[in-house]
Amino acid sequence: MAAASRTPSRWGEIALLCAICLFCVFPFYWMVTTSLKTQVVALQSPPAWLFTPTLQNYIDVLVEDRMGFALMNSMIVSVSTTALAVCLGCPAAYALARFEFRGKTDLWFWFITNRFVSPVVLAFPVFMIARETGLRDTHIALILMYLTFTLPIVIWICTDQFRSIPYDLDEAAQLEGASQWRIFRSICLPLAMPGVAVSAILSFIFAWNELLFAYILAPKAAKTAPAMAVTFMEGYSVPYGKIMATSTLIVIPVLIFALLASKHLVRGLTMGAVK
Amino acid sequence: MSTRVNRRTLLAFLGPSVFALLAVGVVPLAYAVWKSFYYFNLTKLSRSEFIGLDNYATVLTSGAFWGAMGRTAMLFITAVPIQIAIGLCIALVLHRPGLTLFKTLTRLALVLPMATTYAVVGLLAQVMMNQKYGVFNQMFGWIGIDPINIIGDPTNAFIGVVFWDIWQWTPFVALVLLAGLTTVPPEIEEAARLETKSNWIVLRHVQLPFLIPSLVAVLILRTADTLKLFDMPFTMTRGGPGNATEFIAVLIERIGNRQFDIGLAAAHAIIMLAITVVLARIYISLFYKDVR
Amino acid sequence: MRLNTKASVIALAATSVLGAGSAWADAHAWSLEKAAEPYAGTEVNLLFLDRPGYAAALEMIPEFEEKTGIKINTTTVPYENALGEQVRDFVAGGDIDIALIDLVWIGNFAENDWIVPISKFTGNADLADPELDMEDFFPLTLNAFGGWDGEIYGLPFDNYSGLMFYNSCMLKEAGFDGPPETWQELMDDYGPALTKDGKYAFALQSKRNETQSADSFARMLWPFGGSFLNAEFRSNLNSEESQTGLKFRQDLMKYMPEGIVAWDHAETVNGLAQGDIGIITEWSSFYSTLVSPETSTLGDCLAVAAEPAGPAGRKPALGGFSLAVASQADDAEQAAGYLFIQWVTSKANAERYVRAGGVSARQSVYEDPAIREEFKFVPALVESWQEGVPEFRPRFAEWPEITEIVQEWGTKMMLGEVSTEDGATEIGKRMEAVLDQAGYYGGDKPLAQ
């Protein structure tokens, strides 16, 4: 067990904490340093720890390989799907938390079951549908498909959040004759903002990281950053530096968001199950 | 504590999201069910034909599906216990009072792995686990182990996937369990600690009951994510060598995207979905039994 | 837009590709600039790979664009995605105007009418360059890379033969004056002599993708007299010859690095380039990687020869890509696309393409003594293309399904998870099921590969 006694050696604990940090951070360190290596240095055996860094890989992937374009696509898609999921999901979450109607539990089950559906189940049918509707390789196709996982996140977290708001507020407003929509908009939604924000950040992260839909539905014009990363897996040459530069560019935005939301991340990821 | 509302209000609040999920979730699913009864190959569209349950028979008898399911289950039963064991240790350390700055930093560090784009984890694995240029083998060299061929050997490649799964998700487990530990009322824990010096007894009899919800949550989510696991093995090994790391989602992608047999891929997907939904239902009702 | 090409195929089939002489009567007036005039501003989309032949073409494209006003948009994808991206694009009626066709995809593309026979354009005096000279292409490459069922669809663009690249210094040190002539010599003499001190005599790229089936599995079938299919289209993998080849591959693995089943081209070429491997059999296009000081330490030690022979003769690996006009392109895009294909594969541009790192399929360019002198791979290449087997891998529409089977079980064989016999039986059974499904055994389909 980690904590062996009530009066522990603080040094042991510090060492343990440092080991945990190192375990988590080292791959990042390696990713970033490799991205600063030329191909010759990256192919040194054993690997070099000290070298002259170069930004050439970043210039290459941003200029030649249109990584900036892919990052922009990722941003457009992730932000739009998040906004849409919040707009659609918050009223639904409010209804699930506050209204009484038949089949409520089943509906809630159905919403969250979507969290468990693998994209690989939907990807091929959606490709065929997108082909018929002309939505292939558009941002819209990805934005809509990402709702399959962003909407359950928003509904799940926000339902919990709305439940935690005291019901007295609703009752007081009802006595004054406010409509349900008004109560939702003006009273409950502002109070639920922390939950909404967390669910939005998580939706963004999931959408940003998604690969399979992007890879099948958006080959070119709407190609996202993770799909671009797969492009470098050519058997002919393995440009380690470029691969890691691409990876770094993909990971940085999510990291910023994740660190911003780090306090609420757990609650979000477990769909509010653990408070 | 809930309000009765008229149909119109209900529809206004719930309608848009129900409609949206029907359109993006259920319609494609219905399409998949329909196509799963057909021989439907993208490169042979002119020869599409209704073949009844043949695709399902192929799935259930071919061995590839069960092999992939077996590997997926194997990944779950090797990775998740380790994630829980290490995660619990980390959570217990972080739960102890003192060293606030260190612990805040550690908590931030724990966020990094789980936010990393899954496809990038696979690329990182390729770079770091390369037999010749990889830093892993360099480190093995420091402790006197000969270079290991990680990605090229079936067993080692599987262990490699397990390793990265542990790297990415142990922090998550740790943070979930830490959240669970904070639900233990401090006075109960204090009282217990006056009774005994053994941390094990405190954990077993005081903290564990409060951790059960967290543990169930971990199991639910790890099950779902293991069944979905695609990006990391795809970018790391593409299912190889042989089919050592061909998990269920990787197999289905291969059938749909490289053999172009959409009908057969759909049949695979539907069977997998049935398994997923059953598991999800069991888990959710198990977990939310108390809540409701 | 999808044009009905069936009609034009039939109409133009009579006009033999090589003999459309009458259409070229007023050829003296032809120039690229003039031919392209109506299509200025047209955009042509196609996929490229990240390989030397494409880098060479990318260097040349600006000149074409300047001369014609046609815009060539290339998207670089990995080989492993190129088939899927194109199939999905054609099925969905996307924007690809020129198909990039690996020789094993041509049956598939042609039978789906995704590509237009070249005769549609070569018969059009406004488009056809009088200097086209189809006979100048190595016949093997033109027929195998660009032809299907008696019709030519594409012109050979990125062309490969399997060649033997070796480290002549390493061989000399071990007392060999030259490379092995036969596979048996490689096994008996070179293998034991060169495999020592962490270095290996040979590396056979065998990763579970097209590399496994094309570079590894098929490479060991043909020289030993084996093949995928017999004349009745039944599996020939359990024949004595095929089994000899597959067993030979297993035995040869003792002179290869560990984990060879995870090695793709990059690892193999790099192994030779870094001096860790003595001999490799790789595609001709890697010559430029192996001579460039940026990617190789070999310098003058690099030498090239034709692949070793087996009991059935020298049957080097054959691979390569042609470019063909996609039928989903509209008329202007088709014409502009054809002009680009014709230009980039032309006799006049062949030398430039070779000097920029590409491998041309034009016979004339390799007759130039300066080229023969400067590019060490040329004699071996020319020799290999005289003897190649067009159906080295069957080119019919079913290959994408069959290659998956071969990749899976071929890798399992190498890993020792199944014996060569059981693996071959398994591949045979599955391969025949695919062919049966396709209607080859019911007499519905000609036995073409």
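This report describes selected features of chains A, B and C, beginning with chain A and moving on to the places where chains meet and to one strand of chain C.

The model is predicted, and for that reason local features need pLDDT of at least 70 and side-chain atom pairs count only at pLDDT 80 or more, while totals for chains, interfaces and linings use all residues. Residues are numbered from 1 along each chain as its sequence is written, and chains are lettered from A and ligands numbered from 1 in the order in which they are written.

**Chain A**

Chain A holds 14 helices and 1 strand, where helices (H or I, at least four residues) and strands (E, at least two) are DSSP runs numbered from the N terminus. The C-alpha trace of chain A spans about 75 × 70 × 30 Å along its principal axes. Of its 275 residues, 53% count as buried, a word used for a residue with 20 or more other C-beta atoms within 10 Å of its own, C-beta atoms being placed from the backbone. Among the contacts in chain A with a separation of 6 or more, 81% are between residues 24 or more positions apart; two residues are in contact if their C-beta atoms, placed from the backbone, lie within 7 Å.

**Chains A and B**

The contact between these two chains takes 84 residues from chain A and 89 residues from chain B. On the side of chain B that touches chain A, helix H1 (residues 7-35) of chain B gives the largest share, with 15 residues. That side of chain B has 61 nonpolar, 18 polar and 10 charged residues, where Ala, Val, Leu, Ile, Met, Phe, Trp, Tyr, Cys and Pro count as nonpolar, Asp, Glu, Lys and Arg as charged, and the others, Gly among them, as polar.

Helix H1 (residues 10-35) of chain A packs against helix H4 (residues 100-115) of chain B at an angle of about 30°, with axes 9 Å apart; the axes are lines fitted to C-alpha atoms over the stretch in contact, and angles run from 0 to 180 degrees between N-to-C directions. H1(A) and H4(B) are therefore roughly parallel to each other, a label for angles under 35 degrees. The residues that meet include A:Ile14, A:Leu17 and A:Phe28 in H1(A), and B:Phe102, B:Leu105 and B:Pro113 in H4(B). By class, the residues of this contact divide into 13 nonpolar, 1 polar and 1 charged.

The two chains are also joined by strands: S1 (residues 99-100) of chain A and S1 (residues 3-4) of chain B run parallel and are joined by 2 bridges, strands being said to pair if DSSP finds at least two bridges between them. In this pairing A:Phe99 stands opposite B:Thr3.

Within chain B, helix H11 (residues 248-257) has 10 of its 10 residues buried, so it is largely enclosed by the rest of the structure. Among the buried residues of H11(B) are B:Glu253 and B:Arg254.

**Chain C**

Contacts link 18 residues of chain B with 21 residues of chain C. The side of chain B that touches chain C divides into 6 nonpolar, 9 polar and 3 charged residues.

Strand S6 (residues 155-167) of chain C is mostly covered, with 13 of its 13 residues buried. The table lists strands of chain C that pair with S6(C).

| Partner of S6(C) | Direction | Bridges | Opposite residues |
|---|---|---|---|
| S10(C), residues 318-325 | antiparallel | 6 bridges | C:Tyr160 and C:Gly319 |
| S8(C), residues 277-283 | antiparallel | 5 bridges | C:Tyr166 and C:Ile279 |
| S9(C), residues 302-306 | antiparallel | 5 bridges | C:Met164 and C:Ala305 |

Technical notes
Buried ≥ 20, exposed ≤ 12 C-beta atoms within 10 Å, placed from the backbone. Parallel < 35°, antiparallel > 145°, perpendicular 65-115°, else oblique.
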